[in-house]
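Visitor: Please take a single part of this structure and look at it closely. I would like to know what covers that part and how its surroundings are packed.

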Amino acid sequence: MNFLTVESISKSYGEVSLFEDLSFSIHKDDKIAFVAKNGSGKTSILNIISGMDQPDNGQVVIRKGLRLSFLSQSPQFEDELTIEDTIFNSDLPILKIIESYEKALLNPEDADAYQKAFEGMDRHNAWEFELRFKQILSQLKLDDLSQKIKTLSGGQKKRLALATALINNPDLLILDEPTNHLDLEMIEWLEQYFAKAQMTLFMVTHDRYFLERVCNEIIELDHGKLFTYKGNYTYYLEQKEARVTNETVETGKAKQLFKKELDWMRRQPKARTTKSKSRIDDFHDIKAKAHQRRNDHQIQLEINMERLGSKIVEFHKVSKSFKDKVILDGFEYVFKKGERIGIIGKNGTGKSTFLNMLTQSIQPDAGKVIIGETVKFGYYTQSGINIKEGQKVIDVIKEFGEYIPLTKGRQISAQQLLERFLFDRKKSYDFVEKLSGGEQKRLYLCTILIQNPNFLILDEPTNDLDIVTLNVLEDFLLDFPGCLLVVSHDRYFMDKIVDHLFVFRGGGEVEDFPGNYSDYRDYEASTPYVEVAKTQTSVEDPKKNEAEKLSYNEQKELKSLTGKIRSLELDKKAFETKFHDTSLKQDQINKLSQDLQKIIDEIAVKEARWFELSEKLES
């Protein structure tokens, strides 16, 4: 079933043409990744197909009645609304039913309203949906639904936009870098969610494991043309390599033919026959093929690194806290030459604080951080480049000098350096504020590396970089002889370049794990996996005979009870959390206790019926 068709769209900004005459389709159950270099117009294409922007030419045809959601990189919300208001501000009928039930939970003294809301949940079979709704919010760490939008960070807003898109359960979900601002645990959950869900997806992402495990089709915009690959990321790499090789062979043949035809053109008299005119037309086509250039420059980074002495960085019994939040507690570590360390941990466990202590912009509460005399940090932060109005790309580089020293006594000009960073001559004279987000990040990375650091600190370096740039950056980092410390949510990137991990577990606990990220996940999952597997086996066997043990209505009731009990348990947990408020008065505590007891009684009734049906099933 065709959901959406893009027909010959083009888009320009002033004299800059982003793309021309692009056409493709999205069908039901497609999970498509759109791949292109930074500055090719990926975000513009997403905006156009989601209706946020219009093409200069062409059109987007959407199936009548299609429900479409778009997760942008910079979602917009009403500042005065709460998280809960934002989620329920939807035209999805089942959300209105759940909203009524949630309100009834907060006012259980109105028994009629509570009963009506409860019956509404039953009648529309909303329990499973509510459970999924709450699990999504829990996984994305959106626990305080009363929090106002204006108090949220950029990352929290992105997670709220993702939660809203998932909860609305659209026919087609369009995603612009869905893994940005998610920690590793959230990314893996979302990856599993999309891999299992019967959803139609169209996304731009730089997360290559995400591409590998979620997508069943990849559309690439390469040198102005679209290429479609019906498979995952591994298949795409194989087929692209074969395509590029074939193009190189064809270009070689065209060059040979061009030489032959060029000789013929030079020998031809001025008077042309009809046959010779046809051959002349063919000659121009051959010439175009022969002079095709892929222009796949690689970022060749041979910057001259400062010598690194024997003493690098030492942490001696370092402790750091912010009020009651412990970041480090007596942390000890001595960095060695050539170390390549990845830092992982949930958001808020202190990863960025650790980097700031390392670079001495934040001081520890106790202990010492000793920096060797020869250490020269290169610190790539999440804040990115400082854009000056009216500044051109080449001017940014020239601030560090007209010529940049390389290894073995060589040097290159600022212009040549930019070309190695994939900025052609025309682009190097563009204003910095006109660059795409990924191009600005690439330029920022360039300014860090040209300062000849011997200790590189990269805080989320992969955000907004295209896959081509990521691959070349990884190749450079593999050859980088200095120390490397990386905070990244890009698992593929981490697996490729780090040797061991600092795992920030929270509460001041930091574990030194001897392996890359996949090694760590395998280790963490090994024991729980066995337990889960056993549980699943014990649950699956009785289901084979379920139809023989229970009637159809009883089977339906048992399935419904499972969702209801889980949902009520989450409601119970939410009420119990309210008792942590030390400012509560006695009458408020009494009322909370009564409300909590009603939920506990409801759970008891449902559990009793569940056990009754389960015993019948097992007998």
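Guide: The account below starts from one helix and works outward to its neighbours and to the aromatic pairs.

This is a predicted model, in which local features need pLDDT of at least 70 and side-chain atom pairs count only at pLDDT 80 or more, while totals for chains, interfaces and linings use all residues. Residues are numbered from 1 along each chain as its sequence is written, and side-chain values use heavy atoms, with hydrogens and water left out.

The chain has 21 helices and 20 strands, where helices (H or I, at least four residues) and strands (E, at least two) are DSSP runs numbered from the N terminus. Of its 619 residues, 47% are buried. Buried means under 20% relative accessible area, exposed over 50%, and partly exposed in between (1.4 Å probe, protein chains only).

The part chosen is helix α6, which covers residues 154-167. Its 14 residues reach 20 Å from first C-alpha to last, close to the 20 Å expected at 1.5 Å a residue; the expected span is 1.5 Å times one less than the number of residues. The helix is mostly covered, with eleven of its 14 residues buried. Among the buried residues are Gly-155, Lys-158, Arg-159, Leu-162 and Leu-166. Their cover includes the strands β5 (68-71) and β6 (172-176) and the helices α2 (83-88), α3 (93-106), α5 (127-139) and α7 (184-196). Just after α6, Asn-169 takes a positive phi of about 50°.

Two residues of the surroundings lead back to α6. Asp-176 lies in strand β6 and is buried, at 1% relative accessible area. Among the residues that Asp-176 touches are Lys-158, Thr-43, Leu-46, Phe-70 and Val-204, not counting residues up to four places away in sequence; contact means heavy atoms within 4.5 Å. Phe-194 touches Leu-166, along with Lys-31, Leu-173, Leu-175, Met-199, Leu-201, Phe-210 and Val-214, with residues up to four places away again left out.

Leu-166 and Phe-194 also belong to the largest nonpolar core, which has 65 residues. Such a core is a set of buried Ala, Val, Leu, Ile, Met, Phe, Trp, Tyr and Cys residues joined through side-chain atoms within 4.5 Å. Together with Tyr-101 and Leu-140, these two touch the most other members. The core draws at least three residues from each of domain 1 (1-67 + 170-231) and domain 4 (552-616), the bounds coming from an automatic or database domain assignment. Apart from it lies another core, of 44 residues, including Ile-404, Leu-470, Leu-477 and Phe-480.

Leu-46, one of the contacts of Asp-176, is among the buried residues of α1. Helix α1 (residues 42-49) is mostly covered, with six of its eight residues buried. After α1 comes Gly-51, whose phi is positive, near 85°.

Asp-176 also leads to Phe-202: their C-alpha atoms are 8.8 Å apart, with their positions 26 residues apart along the chain. Phe-202 takes part in ring pairing. Rings of Phe, Tyr and Trp (its six-membered ring) pair if their centres lie within 6.5 Å; planes under 30 degrees apart count as stacked, over 60 as edge-to-face and the rest as tilted. By this rule there are 30 aromatic pairs. The ring centres of Phe-34 and Phe-202 are 6.0 Å apart and their planes are at 35°, so this pair is tilted. Phe-34 is in strand β3 (residues 31-36) and Phe-202 in strand β7 (residues 200-204), so the pair ties together parts 168 residues apart in sequence. Both Phe-34 and Phe-202 are buried.

Phe-513 and Tyr-523 form another tilted pair, 5.7 Å centre to centre with 45° between the planes. Phe-513 is in strand β20 (residues 509-513) and Tyr-523 in helix α18 (residues 517-543), so this pair ties together parts ten residues apart in sequence. Phe-513 counts as buried at 8% relative accessibility, whereas Tyr-523 is exposed at 52%.

Helix α7, part of the cover of α6, leads to one last residue. Arg-491, in helix α17 (residues 491-497), touches Leu-184, Ile-187, Glu-188 and Glu-191, among others. Arg-491 is buried, with a relative accessible area of 1%.
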